[in-house]
Every structure is written in C-alpha cells, then in structure tokens.
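Me: I'd like to go through this one label by label and check what each rests on. Could you put it up?

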Amino acid sequence: MAGSFFLTTAIDYTNSAPHIGHAYEKVLADVIARYRRLRGESVYFLTGVDQHGQKVQQSADREGIAPAEFVRNVTQQFLSLWTKLGISYDGWAATTEPQHKLCVQKILQRLFDEGQLYKATQGGHYSVRQEQFLTDKDRGPDGEFGAEWGQVEYREEENYYFRLAEHKEWLLALIGAREDLIQPAFRRAELRNAVEKLSGDLCISRPRSRLEWGIELPFDANFVTYVWFDALVNYISFAPGGYDPTSANAEFHNWWPATIVIGKDILIPAHGIYWMIMLHAIGFTDAQMPTLVVHGWWNFGGAKMSKSLGNVVDPARLAQEYGVEALRYYLMSDIATGKDAEFTTERLIARYNADLANSLGNLLNRALNMAHRYRDGTVRRAGGDSPLRARAEAMVEAVDREMLAFQPQAALAAVSEFVTACNAYIDMTAPWTIAKESERAETLDHILYALIESLRLIALIVSPVLPTAAREMLFQLNWRDELTRSALAWGGIGDQHTVGKPTPVFPRIESEAA
Ligand code: MSP
C-alpha cells in the first residue's frame, strides 16, 4: 500500500490509573496520526494496554479480586480517557486477548525449536514480600537490602533464557547502519553504549508457583512468560493483518515496519535491546526493524508521581476543568519531543490564554467581524498577491517538516508565528481607515480575503492538535470541503465567499493563578 503508515505507542501498564504521562504519549501519537491522514497517507494507529505481570497480580491480591477483574477496571479507565481526549486509534492491543496469547506462544515455540531459548538454574537474593529477585541496584547506600523488601533470602530457581548476548554484534552493526532507527537522533549514542555493555541473556519465564497471571509457555506448563517478552509482541500480534510466525502474510508486510512512540525510560533495555533482538531472532530483516520515537518526561516539581499527586495531574480532571483542547494544546506546545518539561496548570492556562484565546481567537474574531462590518460577510478574491501568502506557504512547509520529524512543538511555534504576523498585518494595514476611503475598496477586498484565507489554512493545519476547535473555526469560516492535502494550498476560499458570524472558539480561562 503506497503511503501507508503504521504508528503505535507503548501499551500502558494496567497496574494503576492513567496519569498525565500516559495522556501525553497518546496525544503525541494521535497528533502524528491525524497529521499523516491530513497529508493523504493511509494510517493505522494502534495503542492499548499491558495487562499481565507480577505487579498486576499483587495489586489485585491487595484488593481481594481476581487479576482479570482488576485489569478490566483499569483498562476501562484508559478506554474512557482516550475517548474523552479524542485519541483516534484504529486498533486496540490488550494483551489478555486470545489472538495475542497465541502469537506470543507461536514465537516462543519457534525460538525454543531453534535453540534460542534454554533452561538454566540461577541463584540470587529473593524478596519474599515483594515476590521478586533483587539485584545490586536494589541495595541501599549501606549495601544492604532495605526494610521495604521484608525478608530477603538466597534462592535458586529454574527458568528459561533467551540468547540475547549472541546477537550483540548484529545489534551494534544495526545501530551504526540505520540512522532513522531512533528519533530524535541524540539517543542513538545512549543505546550504543548500553549495547556495548550487554553481557547476559534474558530470563523470559517465571515459575507458575510465584506468578500465575501471564501467558503459559507452550513447551512447559510450569512457567508463564515474563511480562516484557509478552508485552513487546503486541506491536506485531495486533498489527493490521496480524503477524503469524508460521505463515507469510502480505497485509502485515504492507504496513510493517511500525513507528513506535515510547518514553525514554523504556528505550533501554526493553525496546532498544530486547525488542530489536526478538524481531531479529524470529527472522525480521534489518530494513524491517521499527523506528523508535523516544519522548522525554513531564516532571512535577521534581516530585515523583504519587497517588496524591496523581490526583492533581489526572488527565480526565484536567480536561474537565480546562477543556480537552487546552490540555492537548499544552501537551503539544510546551515540550520538545525527546526532552523533558515541567508540568504546571499555571503554564497550561498561560499558554492557552496567550496563544489561543488572545492571539488566534482574536484573529478569527477580528477578521470575521470586519468581513461582516465592511462587506456583509462576503469576501472578494481581488487580484495581486498578498504578503500573507508567502508567509502562509512558509508556515505550511515548516509544519510539514516538523510534523514528519515528530516535533509538534516546533510545528505549533511556526503556526503561532504566522498568527502573530496576521494580527500585525491587520494593525499595519488598518482596514478601518481604508473602509472610509471608497477609492480603496479593492485594497480592502484584498486584505479581507488574505485574512480569511490565512485563517482557513491555520484551522486546517492545527486540526491534528485541536480537532474540535478547528472544526468550529472552519464552520465559522463556512469552509465545508474535505480536510485533504490539496486543501493546504493557498487560494481555497473562492470569490464571493460568505463567512459566518464569529462566536468565541477559545474563551479565556479565568483563574486566580493566571
Ligand atoms: N507497559 C510498559 C510498556 C510496554 S510497551 C510494550 C510501560 N507502561 S507505563 O504505563 O509505565 O508507561 C507507558 C508509557 O508512558 C511509557 O512510554 C512511558 O515512558 C510513558 N510515561 C509514563 N510516565 C511519563 C511521564 N511522566 N512523562 C511522559 N511519559 C511518561 O512502561
């Protein structure tokens, strides 16, 4: 399929409720997906939930309910949040689905048959309370395991291991050869360093005796699959067409490789090492390795996300309080993809009020009002080029470049700059003066047309970030055509076009803090 784009995100862990970090990643992917659709590409956007694992089992136990019920509840919270935030996903990956389990098991069986998996006994420090093995990283500054681990004992355990280290040289060569593997590019060096240090293999099983909540190994019913090995497979088990390691599938290969949007915390080792090597081991070529778009973190005054803080940054509550468009705009305009940023509601309000309520909202209001006041709402396409045309075209070009580089923040900065230029154009040309001079009627037509046409382009180009507000703007501009790539060319508003009356699209957010 020409121009087909398969976009997917990390699947959210269902151990606890969604927070702003989850919302950010989903909005980022949604904006990219919507922009690609606007460009005329066929897009398949997959997201979902990671439902297995030790922590889920422990949380369910604490609540005294079955893990299946526990994840059903948390999954519902994610689903309703994505609906509320307007996340336009095409596929939903929930790892307890039979189609996914089957795919994971087929992959395990194949790797087992090919000798990529082996059984071994390893010993280590085990926390009885937390039901997990500990590493030196879990030791306190005094070298001891802290009280939070409860009783710690030495244990030996049999498990299955995946021959990771065997593929180290291949992975280093891949990182060297594929420049587009990781975006933004500055994280490539980080991954290379981590791979250079890679030595051991990956334990991919957990004995049933201590973890029930997982996918059973197809060749040994006493074990379930380690949650990361299970979760990573979602990108292919839920891909359009569905991947099957035992049979070729043309539809799958029309869409694959995917572009995967993840946070920086899960690049190393999960996506950059485990996932790449898993794909390689099951026969994916170098050209079939996915692209990883690695975003940074929203921080909260240096504080770790906690239950009480989780409340403050509950995305559903923020959307309720300030509006979905304000939240989406903030999440896309105040962080550069790959970098970290500080989340504050004061910033959210300030950005919305400055860029949307004042700047863009004001432009729409002024332009529509003038069209009504001076021309009864009908604009003429007068001859000669407008100085706004070249600026509009430069903006469309910049947005295209930045969106394709997964940088909505830079794209929105280009839009903002253009909006400012349009407002300045009104101040400079002073249409209220020209309106008094009958011999300059054509000049006034020229100005009004340029403003309405500029607004049409702005509405179209911000529609991936602000889908509802853009629709409202286009409604007021009375532009009803389809949102397509060709609509992004200057001149879409016809001669004698009648616009609607302005009603505020971006009412100011009033708050003591603003
Ligand atoms: N379940 C795993 C991913 C498995 S992918 C096969 C996981 N889940 S998570 O719920 O902990 O995180 C989901 C995504 O949200 C990750 O990409 C993570 O980086 C992102 N974020 C979680 N907190 C975040 C912030 N505070 N800021 C930005 N994104 C962060 O990891």
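Me: What makes the span of α16 close to the expected one?
Reply: Helix α16 (residues 408-429) has 22 residues and reaches 31 Å from first C-alpha to last, against an expected 32 Å. The expected span is 1.5 Å times one less than the number of residues. Helices here are DSSP runs of H or I, at least four residues long, and strands are runs of E, at least two, numbered from the N terminus. Just after α16, A430 has a positive phi of about 45°.

Me: Before we go on, what kind of model is this?
Reply: It's a predicted model, with local features needing pLDDT of at least 70 and side-chain atom pairs pLDDT 80 or more, while totals for chains, interfaces and linings use all residues. Residues are numbered from 1 along each chain as its sequence is written, and side-chain values use heavy atoms, leaving out hydrogens and water.

Me: Why are F78 and W82 called a tilted pair?
Reply: Rings of Phe, Tyr and Trp (its six-membered ring) pair if their centres lie within 6.5 Å; planes under 30 degrees apart are stacked, over 60 edge-to-face, the rest tilted. By that rule there are 24 aromatic pairs. F78 and W82 sit 6.0 Å apart, centre to centre, with 45° between the planes, so tilted it is. Both lie in helix α3 (residues 67-84), four residues apart, about one turn of the helix. F78 and W82 are both buried (under 20% relative accessible area with a 1.4 Å probe, protein chains only; exposed is over 50%, partly exposed in between).

Me: And what makes F252 and F284 edge-to-face?
Reply: Their planes are 85° apart and their centres 6.2 Å, so the pair meets the edge-to-face rule. This pair links distant parts of the chain: F252 is in helix α9 (residues 250-255) and F284 in the loop between α10 (267-281) and β14 (291-295), 32 residues apart. Both F252 and F284 are buried. Ring pairs also link them into a cluster with F6, Y44, Y243, W255 and W256.

Me: How do you know that R456 lies over W479?
Reply: The rule wants NZ of Lys or CZ of Arg within 6 Å of the ring centre and within 35 degrees of the ring normal. R456 is 4.9 Å from the ring centre of W479, over its face. The charged end of R373 also qualifies, 5.9 Å from the centre of the Y374 ring.

Me: Why do β11 and β12 count as paired?
Reply: Pairing takes at least two DSSP bridges, and strand β11 (residues 216-217) has two with β12, antiparallel, so they count. L217 has D220 as its bridge partner in β12, and a hairpin joins the two strands through two residues.
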